[in-house]
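Thanks for passing this one along. Here are my notes, written so you can follow them with the model open beside you.

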Amino acid sequence: MMLLAVNIGNTNLRFAVFKSETEIITWTINSKPYRTEYEFFAKFSNMYEPFGIEKDDITDIVIGSVVPPLTASVKIALQKIHKFKPMVVDRNTPSAIKHKSNQMGTDLYANAVAAHYQNYQGKKIIIDFGTALTFLGIDESANVGGVVIAPGIITALNSLVGETAQLPTVELKAPKTVLGSDTESCMQSGMVYGFLSMVEGMIDRINAEEGEQCYVISTGGVGGVYKSLTDKIDIDDRLHTIKGLKILYELNKDSFQK
């Protein structure tokens, strides 16, 4: 029995096959250009083969999405391939999480779920380095205190390059010094150290507002770049969101009709 979890984001569709609690096979597909269910069917039909997985090995599917135009197409394509209905989860899917927003994205909700149900103590901050850079605060009683949303690092970098005539695309890595000596290192300093200062500053502000040192979890595509440069992030787990989708499936599978 294997669960396939699919996180439909603005930049990527992330797939994760849970062969066990610790063995997780994961890969991504670009979200854009948007595709029809027939295009997804063709693309998904052979996607397991490189990983040594047979499609019949997949017994359960859960989907979380922040891209409504893709949700139904992905669901229908997977249903055609596997001959059973995937579970689609969102902020209204039952769990212990308590939030007051009717606008919370599924990714944020899944991040809150993963933080609460895994072995993290006290108040938590989950930083998601995705298309948007988000901070979510949650306490030990599963109450979501609130969220911060800012432009994502890659989003900001692409905007900077796209809106200027002479600035090139650069690799996202820390330069040797904060003050750069050429265009590449200057941009890397801004993107890495500039955003790192923002992240550290937001952590400090949230901790001050909450009155304690929160446990900080980072996730998302470039979270590992920033975790290695600060002691304010306690752990980086790039699969944190998709683990939240898995937990939501486990919590609700008994009432779900495939």
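The points below go through the two sheets, the helices that pack in this model, and one asparagine.

1. Before anything else, keep in mind that this is a predicted model. Everything below is read off that prediction.

2. Start with the sheet from the earlier part of the chain. It is an open sheet of 5 strands, in the order 3-2-1-4-5, with mixed pairing. Strand 3 (24-30) and strand 5 (87-89) sit at the edges with a single partner strand each, so one side of each has no neighbour in the sheet. On average, neighbouring strands here are turned by 20° against each other, direction ignored.

3. Now look at strand 1 (2-8). How many of its 7 residues are buried? The count is 7 of 7, so to speak a mostly covered strand. As a general point, side chains in a regular strand alternate between the two faces of the sheet. In strand 1 both faces are covered: Met2, Leu4, Val6 and Ile8 are buried on one side, and Leu3, Ala5 and Asn7 are buried on the other.

4. The partners of strand 1 show where the mixed pairing comes in. With strand 4 (residues 58-65), strand 1 pairs in the parallel sense over 7 bridges; methionine 2 has isoleucine 58 as its bridge partner there. With strand 2 (12-18), strand 1 runs antiparallel and is joined by 6 bridges, and isoleucine 8 has leucine 13 as its bridge partner. A hairpin of 3 residues makes the connection from strand 1 to strand 2.

5. Moving outward, strand 4 and strand 5 run parallel and are joined by 3 bridges. To find the spot, look for glycine 64, which stands opposite valine 89 in strand 5. Helix 2 (residues 68-82) packs on this sheet and touches strand 1, strand 2, strand 4 and strand 5. The direction of helix 2 makes about 175° with that of strand 4.

6. Helix 2 also has a helical neighbour. Helix 1 (residues 37-44) packs against helix 2 at an angle of about 50°, with the axes 8 Å apart, which makes helix 1 oblique to helix 2. The crossing is right-handed. From helix 1 the contact uses Glu37, Tyr38, Phe40, Phe41 and Phe44, and from helix 2 it uses Leu70, Ser73, Val74, Ile76, Ala77, Leu78, Lys80 and Ile81. Sorted by class, the contact of helix 1 with helix 2 has 10 nonpolar, 1 polar and 2 charged residues.

7. On to the other sheet. This open sheet also has 5 strands, in the order 8-7-6-9-10, and the pairing is mixed. Its edge strands are strand 8 (144-151) and strand 10 (235-236), each of which pairs on one side only. Strand 7 (residues 132-138) pairs with strand 8 in the antiparallel sense over 7 bridges, and alanine 132 has proline 151 in strand 8 as its bridge partner.

8. Is strand 9 (residues 215-220) enclosed or open? 5 of its 6 residues are buried, so strand 9 is largely enclosed by the rest of the structure. Strand 6 (residues 124-129) pairs with strand 9 in the parallel sense over 6 bridges, and lysine 124 stands opposite tyrosine 215. Strand 9 also runs parallel to strand 10, joined by 2 bridges, with isoleucine 217 opposite isoleucine 235.

9. Another helix pair is worth a look. Helix 4 (residues 153-162) and helix 5 (residues 183-210) pack at an angle of about 150°, their axes 11 Å apart, which makes helix 4 roughly antiparallel to helix 5. Their crossing is right-handed. Ile153, Ala156, Leu157, Leu160 and Val161 of helix 4 make the contact with Met187, Met191 and Phe195 of helix 5. The residues of this contact are 8 nonpolar, no polar and no charged.

10. Last, a residue to click on: asparagine 207, which lies in helix 5. Why does asparagine 207 count as buried? Because its relative accessibility is 5%, and the cut-off for buried is under 20%. Setting aside neighbours within four places in sequence, asparagine 207 is in contact with Ile125, Glu212, Gln213 and Cys214.

Technical notes:
Residues are numbered from 1 along each chain as its sequence is written. This is a predicted model: local features need pLDDT of at least 70, side-chain atom pairs count only at pLDDT 80 or more; totals for chains, interfaces and linings use all residues. Side-chain values use heavy atoms; hydrogens and water are left out. Two strands pair if DSSP finds at least two bridges between them. Helices (H or I, at least four residues) and strands (E, at least two) are DSSP runs, numbered from the N terminus. Axes are lines fitted to C-alpha atoms, for helices over the stretch in contact, and angles run from 0 to 180 degrees between N-to-C directions. Angles under 35 degrees count as roughly parallel, over 145 as roughly antiparallel, 65 to 115 as roughly perpendicular and the rest as oblique. A crossing is left-handed if the near helix is turned anticlockwise from the far one by less than a right angle, and right-handed if clockwise. Contact means heavy atoms within 4.5 Å. Ala, Val, Leu, Ile, Met, Phe, Trp, Tyr, Cys and Pro count as nonpolar, Asp, Glu, Lys and Arg as charged, and the others, Gly among them, as polar. Buried means under 20% relative accessible area, exposed over 50%, partly exposed in between (1.4 Å probe, protein chains only).
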